[in-house]
Structures are given as C-alpha cells and as structure tokens.
Amino acid sequence: MDFKGFTTRLVHADRLLNHPEDGAVHQPATKSVLFEYKQVEDLVDVFQGRNPGHAYSRQSSASINALQNMLTQLENGVGALTFASGMAAITTTMLALFKQGDHLIFSQFLFGNTNSFANTLRGFGIEVTLVDTTKAGNVAAAIQENTRAVYLETIANPVTQVADLAAIGDLCEKHGLLYLVDNTMTPANLFDAKSVKASMLLGSLTKYIAGHGHVLGGAVIDTGLFDWQAFPNINDSYKSQPSHLWGLLQVKKKGLRDMGGCLTPDSAHLISVGMETLALRMDKICKNALTLATYLASHAKVEKVYYPGLSDHPQHALASEFFSQYGGILSLDLKEGADCFAFLNDLKLVLNATHLGDTRTLAIPVAHTIYFEMGAEQRAKADISDNMIRLSVGIEDIDDIIADFDQALDKI
C-alpha cells in the first residue's frame with residue numbers, strides 16, 4: 001500500500017523499510033563493532049564494494065543503515081549518511097569533496113560554528129567568499145571559474161534571514177555548481193528541498209528531527225539532482241559505481257571512514273524514534289512561535305522581533321513561498337536600556353539554555369554566548385544587538401508561554 005501522509009510514512013518507516021526481525025517495529029541498536037564472515041571472500045567483497053554488507057561499524061551497521069534509509073525516504077533522496085553531530089556532517093562532507101584551489105560561496109549569515117569553519121577551509125587553501133544570500137544576485141556576482149559549490153541555511157540563526165532559495169538553485173544548475181542546503185531549521189514537512197534544486201542537504205539531526213534534546217547527530221542527504229560526472233574532484237576509484245552514488249561514496253570513504261565522526265547505534269535508534277513525531281511537534285512549535293512573535297512584536301517593552309512569519313520581516317514573501325510554516329526560532333531586542341540578563345532570570349517556564357528544536361522553550365542572550373567570540377564589530381555587521389535574545393519555541397501550551405513572558409516583561 002502506498003501511504004501518502006507524511007506522519008503515516010514516518011511512523012511506519014522503520015518496520016517497512018528496514019524489516020526488523022521477530023516483528024519488532026524498530027531496528028535494534030547493533031552493538032557489535034566487527035562483523036564475521038565465514039568465507040573471507042565475502043569480507044573482501046564488502047571491502048571492495050561488490051557486497052553491501054558491513055565490515056566495521058565506523059562505516060556502517062544495520063542500525064545506522066536503518067536511520068539512513070529513513071532519512072533518504074524523508075527527503076525523497078538517493079542516499080544518506082549519518083554522523084556524530086551536525087558539525088561533523090558539514091565539515092566531513094566539505095573536506096571530502098573540496099580541495100586546495102577550489103572556491104566556495106557561503107552565506108554570510110551561517111551560524112557561528114559553520115562560519116568559523118570557513119576560516120579552517122581557507123587554511124587548507126580552499127577559497128571561501130561570504131555573501132548575502134537573501135538576494136541571488138549577490139551569489140551570481142561571486143561566482144568564479146574555480147567555484148565548486150554554494151552553501152547556505154534556509155533560515156539563518158539568530159536573525160532569521162531567509163535565503164533566495166529557488167533563484168540560487170537556478171544559478172547553481174546553470175553553472176554546474178553543487179548546491180549545499182542546510183535545512184536544520186526547516187525539515188521536510190516545512191520545506192521541499194528538491195523543489196529549489198538542492199543537490200545535498202546538510203545539517204543537524206539533534207534539533208527538530210530527534211526533537212527531545214537527548215541525542216546528538218548529523219546527516220548529509222543526496223537529492224539525486226546533481227550530475228556527479230561533471231564534478232572534477234571525484235576519485236577515480238569510486239567511478240566504478242553508478243554515477244549518482246559518487247558523491248556520497250566519496251564522503252563515506254574519504255570523510256566518514258578516514259575522519260571517524262561516526263554516529264553510535266544507540267544514537268541512531270533515539271533519532272529514528274524521535275523522528276516519528278516530527279510533523280506533530282513542528283506543527284505545534286510553529287503555531288506557538290507565530291503566536292509568540294505576534295505578541296512580542298506588539299509589546300511596549302520589545303524593540304524588535306525577528307521572525308519570518310511576521311509580515312514586516314524583510315523576507316516574509318520568500319518564507320511564504322518556500323515554507324509551509326515559518327519555523328520555531330525567533331529573536332527579539334528589548335527596549336534600549338533594558339537588562340536582558342535580568343529579564344531572562346525572571347522567566348520561570350522558559351529555560352536559559354543553548355539548543356534548538358527542543359520540546360521545551362529555550363532562551364539565550366546571543367551577544368554574550370553563541371556570538372561572543374565574533375566580537376562587537378562583526379556582531380554589529382550581523383545586526384546582533386547587545387540585548388538580543390534568541391528563542392527556540394517549544395510545544396508547551398501557548399497561554400503558559402505568553403504568561404511567562406508577560407510577567408517577566410512587566411518587571412523591566
């Protein structure tokens with residue numbers, strides 16, 4: 001039976017895609033690091049890619065493959081790889097695919113850790129140009145003869161800029177560029193990455209996919225839209241496989257195998273179970289976020305609210321075009337002179353914590369924590385004020401969330 005509903009497919013994906021033994025509805029966590037073969041020829045076939053079995057759990061196991069199968073279905077891709085964290089997925093993929101002399105175009109609004117990685121790439125002789133990706137023309141102007149890829153986030157953290165996703169996808173297609181899209185903030189029930197011609201999806205499973213703040217993980221998913229035969233950096237030894245698999249195979253062999261940022265079987269299990277309720281959680285989170293953003297935008301003690309669901313957001317039209325809902329993160333500036341520390345300490349329900357996509361509502365002072373190392377000058381260029389507060393909205397009852405903000409704002 002061909003199930004159409006998003007949640008129906010997710011809830012039954014593990015048992016229908018992976019066929020766990022003994023009638024289990026979840027693939028069990030594979031606790032073995034090694035895998036025995038009665039005939040050494042069979043082990044050799046695995047090593048040389050003629051057999052799809054497992055040789056060593058750093059590269060693959062049944063529990064890891066089960067999650068990768070589910071992620072591939074989730075994004076309607078041709079394959080997926082999982083990693084120990086979102087940053088492991090991003091860094092491993094880029095180090096496996098790009099080399100000295102290549103040029104990459106990055107969004108200037110990438111989150112701090114990824115932005116920092118741009119300098120690491122420069123240290124390896126890979127050029128990186130940072131541009132404002134809310135306008136495709138900025139990307140077009142940055143393209144060089146040695147440009148290999150464009151990398152951006154759908155919704156930026158924390159100021160919530162929205163990239164001009166479709167127009168940039170058209171540019172990448174025209175110039176034969178790899179289009180790397182981080183859709184951590186807008187998983188598949190909010191955003192169809194293939195509709196904007198994304199080549200690969202990179203990002204965190206820790207956030208909305210797992211959803212409960214209890215496991216780290218990352219992934220890269222190949223959408224099948226990129227022609228790897230035109231990509232100059234593929235190792236010849238991988239070209240014996242079908243060409244649509246070349247990119248992921250190189251990331252697996254040169255990245256996951258050689259660099260070792262592998263996901264544990266227990267983590268894979270937790271992520272796959274959390275993913276089943278993705279649409280239910282995201283629907284509540286997005287509705288809560290829009291209601292909270294609307295409330296805060298009208299409050300006398302709030303200077304500004306950054307949320308793409310608000311009609312005055314600079315990229316509201318783009319967000320409405322690409323996303324079914326507007327996501328679960330928002331930021332706010334308190335009125336000048338307000339003490340953001342005192343305000344945060346007065347919140348009773350909301351947690352002071354650095355994370356996104358949790359079932360609980362979280363708050364953090366941006367300039368003093370996640371963007372502290374950037375420095376005041378760079379923060380100013382990124383429109384991050386000294387009293388900006390980032391929120392990750394949870395699934396609590398919205399009346400309770402608003403009541404908590406109301407009582408804390410009253411004390412300013």
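Begin by selecting helix H2 (40-47), helix H3, strand E1 (79-83) and helix H8 (246-259), each of which supplies at least two residues to the lining of the largest pocket. Bear in mind throughout that the model on screen is predicted.

With these elements highlighted, isolate H8, since the largest share of this pocket's lining, five residues, comes from that helix. Next, centre the view on Asn51, Pro52, Leu249, Lys252 and Lys253, which, among the 30 residues that line the largest pocket, lie nearest its centre. If you draw the open space there as a surface, the volume to expect is about 920 Å³. Colouring the lining of the largest pocket by residue class then gives twelve nonpolar, 15 polar and three charged residues.

From the pocket, turn to the enclosed spaces, where the structure holds three cavities of 30 Å³ or more. The largest cavity contains about 140 Å³ of space, and helix H3 (62-74), strand E6 (200-204) and strand E7 (218-222) are the elements that give two or more residues to its lining. Keep H3 selected as you move, because this helix serves both the lining of the largest pocket and that of the largest cavity.

Now select E6, which, with four residues, gives the most to the lining of the largest cavity. To find the middle of this space, show Glu75, Asn183, Ser204, Leu205 and Ile209, the residues nearest its centre among the 15 that line the largest cavity. Finish by colouring that lining by class, which separates ten nonpolar residues from four polar ones and one charged residue.

Key: Residues numbered from 1 in each chain as written. Predicted model: local features only at pLDDT ≥ 70, side-chain atom pairs only at ≥ 80, totals over all residues. Heavy atoms only, no water. 1 Å grid on protein atoms, 1.4 Å probe; cavity = no way out; pocket = protein on both sides within 12 Å on 5 of 7 lines; lining within 4 Å. Points joined across faces, edges and corners; volume = space filled by probe spheres on them. Nonpolar A, V, L, I, M, F, W, Y, C, P; charged D, E, K, R; others polar.
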